[in-house]
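This note sets out some points for a colleague who is reading the model alongside its sequence. The points begin with a sheet and end with a contact between chains.

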Amino acid sequence: MPRWGMVIDVKRCIACWGCTIACKEEHFLPPGVFFNRVLIGESGKFPTSSKLIYPVLCNHCSDAACVEACPTGATYVREDGIVAIDDEKCVGCRACMVSCPYQQRTYYDENVKTREYFPGQGKTEMEIIGEKLYPFKLGTVIKCNFCSERLEDGMKKGLTPGKDEDASPACVNICPVGARIFGDLDDPNSEINRLIMEKKGKQLRKEFGTEPAVYYID
Amino acid sequence: MNDKHQDLVETMFPSDGSGIKPYEWMISPTRQRQWIDDKGIFLWLAFFFSEIGAGLYFMSLFYSFRPGIVLGWLITLVLGGLIHMLYLGNPKRAWRMIMKPNTSELSRGIWIIGVFAVLGFLQIITPGGFNMVFNFIMGILCLLIISHGFATMNVVRALPAWNSTIVLPLSIISGIWVGHQLLQLMFAISGNAAAASGMEVWAATFFLAYFLCMLLYAWGTWHSSGAAKASIQRMLEGDLKQITYIGVGVLAILVPLVFTLIMWGGDTNGFLIFLRLASVCAGDLAIRYLIMKSAVYNPLI
(Lines give C-alpha, C1' and ligand atoms only; values in the text may rest on other atoms or scores of the structure.)
Protein backbone atom coordinates (compact mmCIF):
# COMPACT_ATOMS: atom_id res chain seq x y z
CA MET A 1 0.00 0.00 0.00
CA PRO A 2 1.44 3.41 -0.95
CA ARG A 3 1.70 6.33 1.49
CA TRP A 4 0.86 9.48 -0.43
CA GLY A 5 2.84 12.62 0.13
CA MET A 6 3.78 15.86 -1.55
CA VAL A 7 6.91 17.87 -2.13
CA ILE A 8 6.60 21.61 -2.70
CA ASP A 9 9.54 23.42 -4.28
CA VAL A 10 9.31 26.90 -2.77
CA LYS A 11 12.00 28.18 -5.09
CA ARG A 12 9.85 27.40 -8.10
CA CYS A 13 6.58 28.72 -6.65
CA ILE A 14 5.61 32.04 -8.18
CA ALA A 15 2.60 32.64 -5.92
CA CYS A 16 0.09 32.58 -8.75
CA TRP A 17 -2.58 31.07 -6.45
CA GLY A 18 -3.42 28.56 -9.19
CA CYS A 19 -3.44 25.78 -6.58
CA THR A 20 -5.86 27.73 -4.38
CA ILE A 21 -8.27 28.31 -7.24
CA ALA A 22 -7.97 24.82 -8.75
CA CYS A 23 -8.74 23.35 -5.35
CA LYS A 24 -11.78 25.57 -4.85
CA GLU A 25 -12.99 24.61 -8.30
CA GLU A 26 -12.35 20.90 -7.78
CA HIS A 27 -14.24 20.76 -4.46
CA PHE A 28 -16.74 23.57 -5.18
CA LEU A 29 -15.70 25.33 -1.99
CA PRO A 30 -17.89 28.21 -0.77
CA PRO A 31 -16.51 31.75 -0.37
CA GLY A 32 -14.00 32.05 2.44
CA VAL A 33 -13.18 28.33 2.51
CA PHE A 34 -9.73 27.27 1.36
CA PHE A 35 -8.10 23.84 1.39
CA ASN A 36 -5.00 25.33 -0.26
CA ARG A 37 -3.46 28.69 0.58
CA VAL A 38 -0.30 30.54 -0.29
CA LEU A 39 1.46 32.26 2.60
CA ILE A 40 3.69 35.18 1.73
CA GLY A 41 6.01 36.55 4.37
CA GLU A 42 9.43 38.02 4.86
CA SER A 43 12.52 37.04 6.74
CA GLY A 44 15.53 39.06 7.80
CA LYS A 45 15.95 42.83 7.57
CA PHE A 46 16.94 45.13 4.74
CA PRO A 47 19.32 44.79 2.93
CA THR A 48 19.45 41.04 3.58
CA SER A 49 15.72 40.42 3.72
CA SER A 50 14.10 37.78 1.60
CA LYS A 51 10.58 36.97 0.57
CA LEU A 52 9.08 33.66 1.70
CA ILE A 53 6.40 31.97 -0.39
CA TYR A 54 4.87 28.87 1.14
CA PRO A 55 1.86 27.13 -0.35
CA VAL A 56 0.13 25.30 2.50
CA LEU A 57 -2.49 22.60 2.70
CA CYS A 58 -3.43 19.75 5.05
CA ASN A 59 -0.16 18.01 5.85
CA HIS A 60 -1.76 14.56 6.13
CA CYS A 61 0.40 13.86 9.17
CA SER A 62 1.02 10.24 10.04
CA ASP A 63 0.85 11.10 13.75
CA ALA A 64 -1.81 13.75 13.33
CA ALA A 65 -2.89 15.94 16.24
CA CYS A 66 -6.40 16.11 14.78
CA VAL A 67 -6.74 12.32 14.80
CA GLU A 68 -5.65 12.19 18.44
CA ALA A 69 -8.04 14.95 19.45
CA CYS A 70 -11.13 13.59 17.65
CA PRO A 71 -13.37 12.02 20.31
CA THR A 72 -15.46 9.98 17.88
CA GLY A 73 -12.92 8.54 15.47
CA ALA A 74 -14.43 10.61 12.64
CA THR A 75 -10.97 11.83 11.68
CA TYR A 76 -8.67 8.96 10.86
CA VAL A 77 -5.54 8.11 8.90
CA ARG A 78 -6.30 5.86 5.94
CA GLU A 79 -3.99 3.02 4.96
CA ASP A 80 -2.61 5.18 2.18
CA GLY A 81 -1.66 7.93 4.65
CA ILE A 82 -4.45 10.34 3.75
CA VAL A 83 -6.09 11.95 6.79
CA ALA A 84 -9.81 11.67 6.09
CA ILE A 85 -13.05 12.67 7.83
CA ASP A 86 -16.08 10.44 8.11
CA ASP A 87 -18.83 13.07 8.19
CA GLU A 88 -21.33 10.52 9.50
CA LYS A 89 -19.33 10.29 12.72
CA CYS A 90 -18.35 13.95 13.15
CA VAL A 91 -20.15 15.65 16.07
CA GLY A 92 -18.82 19.10 15.25
CA CYS A 93 -16.85 19.56 18.48
CA ARG A 94 -14.00 21.17 16.50
CA ALA A 95 -11.31 19.68 18.73
CA CYS A 96 -9.49 18.75 15.50
CA MET A 97 -9.53 22.35 14.29
CA VAL A 98 -8.18 23.69 17.54
CA SER A 99 -5.43 21.06 17.78
CA CYS A 100 -4.16 21.38 14.19
CA PRO A 101 -0.89 23.38 14.26
CA TYR A 102 -1.35 24.13 10.55
CA GLN A 103 -4.94 25.40 10.85
CA GLN A 104 -6.09 23.61 7.73
CA ARG A 105 -9.63 22.71 8.70
CA THR A 106 -12.93 24.51 8.25
CA TYR A 107 -16.17 24.16 10.16
CA TYR A 108 -19.05 23.83 7.72
CA ASP A 109 -22.07 25.52 9.28
CA GLU A 110 -25.10 27.43 8.09
CA ASN A 111 -23.06 30.62 7.81
CA VAL A 112 -20.60 28.98 5.40
CA LYS A 113 -23.26 27.04 3.49
CA THR A 114 -25.37 30.11 2.71
CA ARG A 115 -22.51 32.26 1.44
CA GLU A 116 -22.88 33.22 -2.19
CA TYR A 117 -20.13 34.18 -4.61
CA PHE A 118 -22.38 37.02 -5.77
CA PRO A 119 -24.06 38.09 -2.53
CA GLY A 120 -27.70 38.94 -2.81
CA GLN A 121 -28.03 37.50 -6.31
CA GLY A 122 -28.61 33.86 -5.42
CA LYS A 123 -26.35 30.91 -6.07
CA THR A 124 -24.98 30.36 -9.53
CA GLU A 125 -25.58 27.12 -11.46
CA MET A 126 -22.01 26.09 -10.66
CA GLU A 127 -22.57 26.52 -6.93
CA ILE A 128 -25.80 24.50 -7.08
CA ILE A 129 -24.10 21.71 -9.01
CA GLY A 130 -21.20 21.82 -6.55
CA GLU A 131 -23.48 21.32 -3.59
CA LYS A 132 -24.87 18.22 -5.27
CA LEU A 133 -21.46 16.82 -6.17
CA TYR A 134 -19.86 17.62 -2.82
CA PRO A 135 -22.71 17.54 -0.31
CA PHE A 136 -20.76 18.68 2.75
CA LYS A 137 -22.74 17.92 5.90
CA LEU A 138 -23.81 20.79 8.14
CA GLY A 139 -22.17 20.92 11.54
CA THR A 140 -19.12 18.95 10.46
CA VAL A 141 -15.51 19.79 9.71
CA ILE A 142 -14.10 19.72 6.17
CA LYS A 143 -10.56 19.77 4.81
CA CYS A 144 -8.23 18.78 1.98
CA ASN A 145 -8.32 15.08 1.16
CA PHE A 146 -5.46 15.04 -1.38
CA CYS A 147 -8.26 14.74 -3.99
CA SER A 148 -8.72 11.12 -2.92
CA GLU A 149 -11.68 10.75 -5.34
CA ARG A 150 -9.39 11.58 -8.27
CA LEU A 151 -6.69 9.25 -6.97
CA GLU A 152 -9.07 6.33 -6.54
CA ASP A 153 -10.82 6.82 -9.89
CA GLY A 154 -7.49 7.18 -11.66
CA MET A 155 -5.97 4.10 -10.09
CA LYS A 156 -9.04 2.08 -11.06
CA LYS A 157 -8.20 3.03 -14.65
CA GLY A 158 -4.63 1.86 -14.16
CA LEU A 159 -3.18 5.36 -13.94
CA THR A 160 -0.37 6.42 -11.60
CA PRO A 161 -0.94 9.24 -9.07
CA GLY A 162 1.68 11.93 -9.46
CA LYS A 163 2.37 11.02 -13.09
CA ASP A 164 -1.03 10.95 -14.72
CA GLU A 165 -3.22 14.03 -14.39
CA ASP A 166 -6.45 12.06 -14.00
CA ALA A 167 -5.00 10.35 -10.92
CA SER A 168 -3.34 13.37 -9.30
CA PRO A 169 -4.58 16.15 -6.99
CA ALA A 170 -5.95 19.24 -8.74
CA CYS A 171 -3.35 21.54 -7.14
CA VAL A 172 -0.54 19.42 -8.59
CA ASN A 173 -2.06 19.43 -12.07
CA ILE A 174 -2.62 23.16 -12.21
CA CYS A 175 0.80 24.29 -11.00
CA PRO A 176 2.34 26.05 -14.05
CA VAL A 177 5.91 25.76 -12.77
CA GLY A 178 5.77 22.19 -11.52
CA ALA A 179 6.43 23.25 -7.93
CA ARG A 180 4.24 20.47 -6.56
CA ILE A 181 5.32 16.87 -6.85
CA PHE A 182 3.01 14.13 -5.66
CA GLY A 183 3.90 10.51 -5.06
CA ASP A 184 4.46 7.54 -2.80
CA LEU A 185 6.59 8.22 0.28
CA ASP A 186 7.00 4.49 0.90
CA ASP A 187 8.53 3.86 -2.52
CA PRO A 188 12.29 4.45 -2.23
CA ASN A 189 12.53 5.00 -5.98
CA SER A 190 9.75 7.57 -6.24
CA GLU A 191 10.43 11.07 -7.51
CA ILE A 192 9.36 12.70 -4.24
CA ASN A 193 11.67 10.50 -2.17
CA ARG A 194 14.56 11.39 -4.46
CA LEU A 195 13.82 15.10 -4.07
CA ILE A 196 13.45 14.85 -0.29
CA MET A 197 16.80 13.04 -0.05
CA GLU A 198 18.72 15.19 -2.55
CA LYS A 199 17.35 18.57 -1.50
CA LYS A 200 16.93 17.82 2.16
CA GLY A 201 13.15 18.23 2.28
CA LYS A 202 11.82 19.98 5.37
CA GLN A 203 8.47 19.64 7.11
CA LEU A 204 6.66 22.67 8.48
CA ARG A 205 6.62 22.96 12.28
CA LYS A 206 8.36 19.63 12.74
CA GLU A 207 8.65 20.28 16.48
CA PHE A 208 5.03 19.24 17.01
CA GLY A 209 6.03 15.69 16.11
CA THR A 210 3.07 15.12 13.82
CA GLU A 211 5.15 13.70 10.93
CA PRO A 212 3.64 15.68 8.04
CA ALA A 213 3.53 14.08 4.60
CA VAL A 214 4.12 17.45 2.90
CA TYR A 215 7.76 18.42 2.46
CA TYR A 216 9.28 21.70 1.33
CA ILE A 217 12.46 22.02 -0.70
CA ASP A 218 14.35 25.04 -1.95
CA MET B 1 -19.51 46.60 -3.06
CA ASN B 2 -23.14 46.13 -1.92
CA ASP B 3 -24.29 45.62 1.69
CA LYS B 4 -24.42 41.84 1.45
CA HIS B 5 -20.93 41.73 0.05
CA GLN B 6 -19.78 43.98 2.87
CA ASP B 7 -21.46 41.66 5.39
CA LEU B 8 -19.66 38.68 3.89
CA VAL B 9 -16.28 40.37 4.15
CA GLU B 10 -17.11 41.43 7.70
CA THR B 11 -18.04 37.85 8.61
CA MET B 12 -14.77 36.50 7.33
CA PHE B 13 -12.46 39.27 8.45
CA PRO B 14 -14.10 41.27 11.25
CA SER B 15 -12.98 44.88 11.43
CA ASP B 16 -13.35 45.09 15.22
CA GLY B 17 -9.89 43.67 15.71
CA SER B 18 -11.16 40.18 16.60
CA GLY B 19 -9.96 38.88 13.25
CA ILE B 20 -6.89 39.35 11.13
CA LYS B 21 -6.25 40.54 7.62
CA PRO B 22 -6.33 37.70 5.10
CA TYR B 23 -2.67 38.18 4.27
CA GLU B 24 -1.64 37.90 7.93
CA TRP B 25 -3.18 34.46 8.48
CA MET B 26 -0.59 32.14 10.06
CA ILE B 27 2.17 34.60 9.09
CA SER B 28 1.73 36.56 12.29
CA PRO B 29 0.44 34.89 15.50
CA THR B 30 -3.09 33.81 14.63
CA ARG B 31 -5.64 33.40 17.36
CA GLN B 32 -7.87 30.41 17.85
CA ARG B 33 -11.53 31.18 17.25
CA GLN B 34 -13.37 27.89 17.32
CA TRP B 35 -13.57 27.51 21.07
CA ILE B 36 -14.65 31.02 21.98
CA ASP B 37 -16.20 32.89 19.04
CA ASP B 38 -19.80 32.45 17.85
CA LYS B 39 -21.12 29.12 19.16
CA GLY B 40 -17.77 28.60 20.89
CA ILE B 41 -19.07 30.85 23.65
CA PHE B 42 -21.20 27.90 24.79
CA LEU B 43 -18.07 25.91 25.46
CA TRP B 44 -16.75 28.66 27.71
CA LEU B 45 -19.98 28.60 29.72
CA ALA B 46 -20.16 24.80 29.73
CA PHE B 47 -16.66 24.49 31.17
CA PHE B 48 -17.52 27.10 33.80
CA PHE B 49 -20.74 25.44 34.97
CA SER B 50 -19.19 21.95 34.99
CA GLU B 51 -16.38 23.37 37.11
CA ILE B 52 -18.50 25.19 39.68
CA GLY B 53 -20.96 22.29 39.98
CA ALA B 54 -18.16 19.82 40.61
CA GLY B 55 -16.49 22.33 42.95
CA LEU B 56 -19.66 22.61 45.03
CA TYR B 57 -20.05 18.83 45.09
CA PHE B 58 -16.41 18.44 46.15
CA MET B 59 -16.68 20.91 49.03
CA SER B 60 -20.03 19.46 50.17
CA LEU B 61 -18.38 16.07 50.62
CA PHE B 62 -16.29 17.46 53.48
CA TYR B 63 -19.40 18.65 55.28
CA SER B 64 -21.63 15.68 54.32
CA PHE B 65 -24.09 18.31 53.09
CA ARG B 66 -26.68 16.62 50.92
CA PRO B 67 -28.32 19.77 49.40
CA GLY B 68 -24.83 20.80 48.28
CA ILE B 69 -24.12 17.59 46.41
CA VAL B 70 -27.60 17.61 44.87
CA LEU B 71 -27.15 21.16 43.58
CA GLY B 72 -23.56 20.46 42.45
CA TRP B 73 -24.68 17.34 40.61
CA LEU B 74 -27.51 19.24 38.91
CA ILE B 75 -25.33 22.21 37.90
CA THR B 76 -22.66 19.92 36.45
CA LEU B 77 -25.01 17.69 34.49
CA VAL B 78 -27.94 19.92 33.59
CA LEU B 79 -26.26 23.27 33.04
CA GLY B 80 -22.77 22.00 32.09
CA GLY B 81 -24.08 19.08 30.02
CA LEU B 82 -26.86 20.98 28.28
CA ILE B 83 -24.64 23.89 27.28
CA HIS B 84 -22.04 21.42 25.98
CA MET B 85 -24.76 19.99 23.73
CA LEU B 86 -25.69 23.45 22.44
CA TYR B 87 -22.10 23.92 21.32
CA LEU B 88 -21.89 20.73 19.24
CA GLY B 89 -22.59 20.82 15.51
CA ASN B 90 -24.41 17.49 15.67
CA PRO B 91 -25.59 16.97 19.26
CA LYS B 92 -27.64 13.89 18.31
CA ARG B 93 -24.38 12.07 17.67
CA ALA B 94 -22.87 13.07 21.02
CA TRP B 95 -22.95 9.45 22.20
CA ARG B 96 -20.15 8.76 19.72
CA MET B 97 -17.83 10.79 21.91
CA ILE B 98 -17.30 7.78 24.16
CA MET B 99 -15.41 6.05 21.35
CA LYS B 100 -11.85 7.34 21.76
CA PRO B 101 -10.86 7.62 25.44
CA ASN B 102 -7.41 6.29 24.60
CA THR B 103 -6.33 9.47 22.79
CA SER B 104 -9.02 12.14 23.09
CA GLU B 105 -9.32 14.27 26.21
CA LEU B 106 -12.89 15.17 25.24
CA SER B 107 -13.79 11.50 25.11
CA ARG B 108 -12.22 10.89 28.53
CA GLY B 109 -14.26 13.78 29.87
CA ILE B 110 -17.50 12.19 28.63
CA TRP B 111 -16.59 8.95 30.45
CA ILE B 112 -15.77 10.80 33.65
CA ILE B 113 -19.02 12.77 33.52
CA GLY B 114 -20.94 9.54 32.84
CA VAL B 115 -19.42 7.80 35.87
CA PHE B 116 -19.95 10.95 37.97
CA ALA B 117 -23.63 11.04 36.95
CA VAL B 118 -24.26 7.43 37.97
CA LEU B 119 -22.22 7.33 41.18
CA GLY B 120 -23.36 10.82 42.19
CA PHE B 121 -26.98 9.78 41.80
CA LEU B 122 -26.33 6.68 43.92
CA GLN B 123 -24.66 8.78 46.60
CA ILE B 124 -27.60 11.21 46.63
CA ILE B 125 -30.25 8.52 47.04
CA THR B 126 -28.31 6.25 49.42
CA PRO B 127 -29.04 7.08 53.11
CA GLY B 128 -25.46 6.26 54.20
CA GLY B 129 -23.96 7.74 51.07
CA PHE B 130 -21.34 9.87 52.82
CA ASN B 131 -19.03 6.99 53.67
CA MET B 132 -15.28 7.18 53.15
CA VAL B 133 -15.14 5.03 49.99
CA PHE B 134 -17.95 6.90 48.25
CA ASN B 135 -16.50 10.26 49.29
CA PHE B 136 -13.03 9.34 48.07
CA ILE B 137 -14.25 8.16 44.65
CA MET B 138 -16.56 11.13 44.19
CA GLY B 139 -13.82 13.51 45.34
CA ILE B 140 -11.49 12.20 42.65
CA LEU B 141 -14.24 12.41 40.02
CA CYS B 142 -15.03 15.99 41.05
CA LEU B 143 -11.39 17.02 40.69
CA LEU B 144 -11.28 15.40 37.24
CA ILE B 145 -14.44 17.24 36.16
CA ILE B 146 -13.20 20.55 37.58
CA SER B 147 -10.01 20.22 35.55
CA HIS B 148 -11.67 18.70 32.47
CA GLY B 149 -12.21 21.95 30.59
CA PHE B 150 -8.68 23.18 31.00
CA ALA B 151 -7.27 19.66 30.54
CA THR B 152 -8.95 19.56 27.14
CA MET B 153 -7.24 22.84 26.30
CA ASN B 154 -3.97 21.89 27.97
CA VAL B 155 -3.32 18.98 25.57
CA VAL B 156 -3.40 21.28 22.52
CA ARG B 157 0.32 21.55 21.80
CA ALA B 158 -0.27 24.00 18.98
CA LEU B 159 -1.45 26.70 21.41
CA PRO B 160 1.42 27.49 23.81
CA ALA B 161 -0.76 29.63 26.10
CA TRP B 162 -2.92 26.58 26.84
CA ASN B 163 -0.11 24.06 26.84
CA SER B 164 1.19 25.38 30.15
CA THR B 165 1.90 23.34 33.28
CA ILE B 166 0.07 25.76 35.55
CA VAL B 167 -3.22 25.59 33.65
CA LEU B 168 -4.40 22.47 35.49
CA PRO B 169 -3.59 23.66 39.04
CA LEU B 170 -5.25 26.98 38.20
CA SER B 171 -8.46 25.26 37.09
CA ILE B 172 -8.54 22.95 40.12
CA ILE B 173 -8.01 25.80 42.57
CA SER B 174 -10.56 27.99 40.84
CA GLY B 175 -13.16 25.18 40.90
CA ILE B 176 -12.60 24.55 44.61
CA TRP B 177 -12.60 28.28 45.38
CA VAL B 178 -15.93 28.90 43.61
CA GLY B 179 -17.38 25.68 45.07
CA HIS B 180 -16.32 26.82 48.53
CA GLN B 181 -18.07 30.15 48.02
CA LEU B 182 -21.28 28.51 46.82
CA LEU B 183 -21.36 26.14 49.77
CA GLN B 184 -20.68 28.95 52.21
CA LEU B 185 -23.62 30.88 50.76
CA MET B 186 -25.85 27.80 51.04
CA PHE B 187 -24.91 27.47 54.71
CA ALA B 188 -25.55 31.16 55.29
CA ILE B 189 -28.96 31.01 53.58
CA SER B 190 -29.99 27.85 55.43
CA GLY B 191 -29.28 29.53 58.75
CA ASN B 192 -26.20 27.50 59.58
CA ALA B 193 -24.12 30.53 60.57
CA ALA B 194 -21.58 28.46 62.50
CA ALA B 195 -20.66 26.39 59.43
CA ALA B 196 -20.53 29.50 57.22
CA SER B 197 -18.26 31.20 59.70
CA GLY B 198 -16.05 28.10 60.05
CA MET B 199 -15.58 27.95 56.28
CA GLU B 200 -14.07 31.44 56.31
CA VAL B 201 -10.78 29.94 57.53
CA TRP B 202 -10.40 28.29 54.14
CA ALA B 203 -11.51 31.32 52.14
CA ALA B 204 -8.25 33.17 52.69
CA THR B 205 -6.21 30.05 51.85
CA PHE B 206 -8.08 29.30 48.63
CA PHE B 207 -8.01 32.95 47.61
CA LEU B 208 -4.25 33.12 48.13
CA ALA B 209 -3.66 29.88 46.21
CA TYR B 210 -5.90 31.12 43.39
CA PHE B 211 -4.08 34.43 43.22
CA LEU B 212 -0.66 32.71 43.16
CA CYS B 213 -1.79 30.34 40.38
CA MET B 214 -2.91 33.32 38.28
CA LEU B 215 0.41 35.05 38.78
CA LEU B 216 2.34 31.87 37.98
CA TYR B 217 0.26 31.32 34.86
CA ALA B 218 0.91 34.85 33.59
CA TRP B 219 4.62 34.73 34.46
CA GLY B 220 5.20 31.20 33.11
CA THR B 221 3.30 31.84 29.89
CA TRP B 222 5.10 35.15 29.30
CA HIS B 223 8.45 33.36 29.45
CA SER B 224 7.59 30.15 27.59
CA SER B 225 7.55 31.18 23.90
CA GLY B 226 6.91 34.03 21.50
CA ALA B 227 3.34 32.98 20.76
CA ALA B 228 2.57 32.47 24.45
CA LYS B 229 3.98 35.91 25.23
CA ALA B 230 1.79 37.37 22.48
CA SER B 231 -1.23 35.88 24.30
CA ILE B 232 -0.32 37.57 27.58
CA GLN B 233 0.40 40.82 25.73
CA ARG B 234 -3.10 40.72 24.26
CA MET B 235 -4.47 40.40 27.78
CA LEU B 236 -2.39 43.22 29.24
CA GLU B 237 -2.06 45.67 26.39
CA GLY B 238 -4.26 44.55 23.50
CA ASP B 239 -7.97 44.44 22.81
CA LEU B 240 -8.62 42.33 25.92
CA LYS B 241 -7.07 44.66 28.46
CA GLN B 242 -10.38 45.99 29.81
CA ILE B 243 -11.55 42.48 30.63
CA THR B 244 -8.19 41.79 32.26
CA TYR B 245 -8.16 44.84 34.47
CA ILE B 246 -11.85 44.89 35.38
CA GLY B 247 -12.65 41.16 35.21
CA VAL B 248 -9.47 39.81 36.77
CA GLY B 249 -7.94 42.77 38.56
CA VAL B 250 -11.12 44.05 40.18
CA LEU B 251 -13.63 41.20 40.23
CA ALA B 252 -11.38 38.18 40.69
CA ILE B 253 -8.75 39.75 42.96
CA LEU B 254 -9.55 43.13 44.51
CA VAL B 255 -13.21 42.69 45.53
CA PRO B 256 -12.76 39.16 47.00
CA LEU B 257 -9.65 40.41 48.82
CA VAL B 258 -11.58 43.28 50.40
CA PHE B 259 -14.48 41.03 51.47
CA THR B 260 -12.10 38.39 52.79
CA LEU B 261 -10.38 41.02 54.92
CA ILE B 262 -13.73 42.34 56.16
CA MET B 263 -14.83 38.83 57.17
CA TRP B 264 -11.41 37.95 58.56
CA GLY B 265 -11.61 35.79 61.69
CA GLY B 266 -15.00 34.27 60.80
CA ASP B 267 -17.10 37.40 61.15
CA THR B 268 -19.29 36.38 58.22
CA ASN B 269 -22.44 37.89 56.83
CA GLY B 270 -24.78 36.31 54.26
CA PHE B 271 -24.98 39.43 52.13
CA LEU B 272 -21.21 39.88 52.02
CA ILE B 273 -20.75 36.20 51.17
CA PHE B 274 -23.22 36.64 48.32
CA LEU B 275 -21.41 39.70 47.00
CA ARG B 276 -18.05 37.93 47.17
CA LEU B 277 -19.49 34.87 45.41
CA ALA B 278 -20.90 37.04 42.60
CA SER B 279 -17.56 38.77 42.19
CA VAL B 280 -15.60 35.50 42.27
CA CYS B 281 -17.91 33.92 39.66
CA ALA B 282 -17.61 36.95 37.37
CA GLY B 283 -13.84 36.96 37.87
CA ASP B 284 -13.56 33.26 37.12
CA LEU B 285 -15.61 33.70 33.96
CA ALA B 286 -13.31 36.56 32.96
CA ILE B 287 -10.16 34.48 33.49
CA ARG B 288 -11.54 31.58 31.49
CA TYR B 289 -12.64 33.94 28.73
CA LEU B 290 -9.23 35.59 28.57
CA ILE B 291 -7.33 32.30 28.45
CA MET B 292 -9.60 30.97 25.71
CA LYS B 293 -9.75 34.21 23.73
CA SER B 294 -6.09 35.18 23.84
CA ALA B 295 -4.55 31.89 22.70
CA VAL B 296 -2.61 32.22 19.45
CA TYR B 297 -0.95 29.78 17.08
CA ASN B 298 2.68 30.07 16.09
CA PRO B 299 3.07 31.42 12.56
CA LEU B 300 3.88 28.76 9.98
CA ILE B 301 6.66 30.66 8.24
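In what order do the strands of the open sheet of 3 strands in chain A lie, and is the pairing mixed or not?

1. The order is S8-S1-S9 in chain A, and the pairing within this open sheet is mixed. The edge strands are S8 and S9 of chain A, each of which pairs on one side only. On average, neighbouring strands of the sheet are turned by 25° against each other, direction ignored. The model is a predicted one, and the points below should be read accordingly.

2. The mixed character can be followed strand by strand. S1(A), residues 4-9, pairs with S8(A), residues 180-184, in the antiparallel sense over 5 bridges. Within that pairing, A:Gly5 has A:Gly183 as its bridge partner in S8(A). With S9(A), residues 214-217, S1(A) pairs in the parallel sense, here over 4 bridges. Two of the bridge partners in S9(A) may be named: A:Tyr215 for A:Val7, and A:Tyr216 for A:Ile8. As general background, strands of a sheet pair through backbone hydrogen bonds, either parallel or antiparallel.

3. Why is S1(A) described as largely enclosed by the rest of the structure? The reason is that 6 of the 6 residues in this strand are buried. Both faces of S1(A) are covered: one side carries A:Trp4, A:Met6 and A:Ile8, the other A:Gly5, A:Val7 and A:Asp9, and all of these are buried. A:Asp9 is thus listed among the buried residues of the strand, on the side shared with A:Gly5 and A:Val7.

4. A helix also belongs in the description of this sheet. H8(A), residues 191-198, lies across S1, S8 and S9 of chain A. Relative to S8(A), H8(A) runs at about 115°.

5. For chain A as a whole, the count is 8 helices and 9 strands. The C-alpha trace spans about 50 × 45 × 35 Å along its principal axes. A compact globule of 218 residues would have a radius of gyration near 17 Å, and the 18 Å of chain A therefore agrees with that expectation. Buried residues account for 44% of the 218 residues of chain A. Of the contacts in chain A between residues at least 6 apart in sequence, 59% join residues at least 24 apart.

6. In chain B, helix H6 deserves a separate comment. H6(B), residues 167-189, has 23 residues and reaches 33 Å from its first C-alpha to its last, close to the 33 Å expected at 1.5 Å a residue. The helix is mostly covered, with 19 of its 23 residues buried. H6(B) is followed by B:Gly191, which has a positive phi near 85°.

7. The last point concerns the contact between the chains, to which chain B gives 34 residues and chain A gives 40 residues. On the side of chain B that touches chain A, the elements giving two or more residues are helix H1 (3-12) and helix H4 (105-125) of chain B. H1(B) gives the most to this side, with 5 residues. By class, the side of chain B that touches chain A has 17 nonpolar, 12 polar and 5 charged residues.

Definitions and conventions
Residues are numbered from 1 along each chain as its sequence is written. Chains are lettered from A and ligands numbered from 1 in the order in which they are written. This is a predicted model: local features need pLDDT of at least 70, side-chain atom pairs count only at pLDDT 80 or more; totals for chains, interfaces and linings use all residues. The expected span of a helix is 1.5 Å times one less than its number of residues. A residue is buried if 20 or more other C-beta atoms lie within 10 Å of its own, exposed if 12 or fewer, and partly exposed in between; C-beta atoms are placed from the backbone. Two residues are in contact if their C-beta atoms, placed from the backbone, lie within 7 Å. Ala, Val, Leu, Ile, Met, Phe, Trp, Tyr, Cys and Pro count as nonpolar, Asp, Glu, Lys and Arg as charged, and the others, Gly among them, as polar. Two strands pair if DSSP finds at least two bridges between them. Axes are lines fitted to C-alpha atoms, for helices over the stretch in contact, and angles run from 0 to 180 degrees between N-to-C directions. The radius of gyration is taken over C-alpha atoms; the globule rule is 2.2 Å times the number of residues to the power 0.38.
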